[in-house]
Amino acid sequence: MNQQNASMQARDLQNLMDLMNHEAVAYQKAKAYAALMQDGNAQRVVNDVCQHHKQSFDTMDQYLSTKN
C-alpha cells in the first residue's frame, strides 16, 4: 500500500469516527429530550429520532466490524 492510499484510509476512518460520534451525541440528546416531554405524541416522534440515530450508529459500527 502506498502512502497516499494509507493517508486516504486514515482520513476515511477519521471521518467515519466523527460521524459515529455525531450519531452518539444526537442519540443521547434525543433520549434526554424524550424523557422531558409531557405530550405522548411528541415523545414518540423524538423517540423515533432517537432510534434513527441509534440505527445509523449501529450500521457504521457494523461496517467497521466487517472491515477488520
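The protein has 2 helices and 0 strands, in a model that is predicted. Its radius of gyration is 16 Å, well over the 11 Å that the globule rule gives for 68 residues, so the protein is more spread out than a compact globule. The C-alpha trace gives the extents behind this: along the principal axes it spans about 55 × 20 × 10 Å.

Burial and surface come next. Of the 68 residues, 16% count as buried, where buried means a relative accessible area under 20%. The accessible surface of the protein comes to about 5,500 Å², and carbon and sulfur atoms account for 52% of that area.

The contacts can be sorted by separation along the chain. Among contacts with a separation of 6 or more, 57% are between residues 24 or more positions apart.

The two helices can be located through the pocket they line. Helix H1 covers residues 3-36 and helix H2 covers residues 40-67, and these are the elements that give two or more residues to the lining of the largest pocket. The volume of that pocket is about 170 Å³. Its lining consists of Gln9, Asp12, Leu13, Leu16, Tyr63, Leu64 and Lys67. H1 provides the largest share of the lining, with 4 residues. By residue class, the lining divides into 4 nonpolar, 1 polar and 2 charged residues.

Within helix H1, two residues can serve as reference points. Glutamine 14 lies in this helix and is partly exposed, since its relative accessible area is 42% and partly exposed covers the range between the buried limit of 20% and the exposed limit of 50%. From its C-alpha atom to that of tyrosine 27, 13 residues apart along the chain, the separation is 20 Å. Alanine 24 is also placed in helix H1. With a relative accessibility of 26%, alanine 24 counts as partly exposed. The C-alpha atoms of alanine 24 and alanine 35 are separated by 17 Å, and the two residues are 11 residues apart along the chain.

Helix H2 offers a further reference point in aspartate 48. What is the relative accessibility of aspartate 48, and does it count as buried or exposed? The value is 55%, so aspartate 48 counts as exposed, the cut-off for that class being over 50%. Aspartate 48 can also be set against alanine 26: the two are 22 residues apart in sequence, and their C-alpha atoms are 12 Å apart in space.

Taken together, the description is of a protein with 2 helices that is more spread out than a compact globule, with 16% of its residues counted as buried and a largest pocket lined by residues from helix H1 and helix H2.

Conventions: Residues numbered from 1 in each chain as written. Predicted model: local features only at pLDDT ≥ 70, side-chain atom pairs only at ≥ 80, totals over all residues. Heavy atoms only, no water. 1 Å grid on protein atoms, 1.4 Å probe; cavity = no way out; pocket = protein on both sides within 12 Å on 5 of 7 lines; lining within 4 Å. Points joined across faces, edges and corners; volume = space filled by probe spheres on them. Nonpolar A, V, L, I, M, F, W, Y, C, P; charged D, E, K, R; others polar. Rg over C-alpha atoms; globule rule 2.2 N^0.38 Å. Buried < 20%, exposed > 50% of the residue type's maximum accessible area, 1.4 Å probe, protein only. Contact = heavy atoms within 4.5 Å. Areas by Shrake-Rupley, 256 points an atom, 1.4 Å probe, with all protein chains shown as cover.
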